[in-house]
Amino acid sequence: FHHTLRAKATIHSGRLLEARGFIPVSSLSRDMASHHGDLDTALERYAARVVELAKTTTTVSSSTSQQRAFGIVSALGRLDRDEEYKRVQQQQEQEEEDLQKKNNDPWAGIKQFI
């Protein structure tokens, strides 16, 4: 989960992604994603949502939202943090090796029009 979920966001959807635990990327990569998932941030945001909904649970929809947020917190809490970090590190190293082998320019398709 950590840095493996990547999303392209607009100005408006970026705020929604950040409210769900995604963080803006520091530099664009080949997939041009603007945000990536962060385990700690997601856990923090959904835990805060559970607490917030617990204070105001008066309707069925609020109760359903609270249960959904609680389920997400529970699933995130069961992830093995060390294993996730190792897997992400290996994936990033593999992507760097692949990029060096290909020596691919992500803007090559645009350059033909300039």
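The predictor's confidence in each residue is expressed as pLDDT, on a scale from 0 to 100. The structure described here is a predicted model. Across the protein chain the mean pLDDT is 78, and 81% of the residues score at least 70. Among the secondary-structure elements of the protein chain, strand β2 (residues 22–24) has the highest confidence, at 86, whereas α5 has the lowest, with a mean of 68. Where pLDDT is low, the predicted coordinates should not be read in detail.

The protein chain contains five helices and three strands. Their order along the sequence is β-α-β-β-α-α-α-α. Among contacts in the protein chain with a separation of 6 or more, 57% are accounted for by residues 24 or more positions apart.

The protein chain has 114 residues, of which 24% count as buried. The accessible surface of the protein chain amounts to about 8,300 Å². Carbon and sulfur atoms contribute 54% of that surface.

A nonpolar patch of about 390 Å² lies on the surface and is formed by Leu28, Met32, Trp107 and Ile110. Of these residues, Trp107 is located in the loop between α4 (81–102) and α5 (108–111). The relative accessible area of Trp107 is 45%, so this residue is classed as partly exposed, the class between buried, under 20%, and exposed, over 50%. Patches are made of residues with over 30% relative accessible area, and the 45% found for Trp107 is therefore above the cut-off for patch residues.

How values were computed:
Residues numbered from 1 in each chain as written. Predicted model: local features only at pLDDT ≥ 70, side-chain atom pairs only at ≥ 80, totals over all residues. Heavy atoms only, no water. Patch = residues over 30% accessible without salt bridge, like charges linked within 9 Å, V, L, I, M, F, W, Y side chains within 5 Å. Areas by Shrake-Rupley, 256 points an atom, 1.4 Å probe, with all protein chains shown as cover. Salt bridge = Lys/Arg side-chain N within 4 Å of Asp/Glu carboxyl O. Helix = DSSP H or I, 4+ residues; strand = E, 2+ residues; numbered from the N terminus. Buried < 20%, exposed > 50% of the residue type's maximum accessible area, 1.4 Å probe, protein only. Contact = heavy atoms within 4.5 Å.
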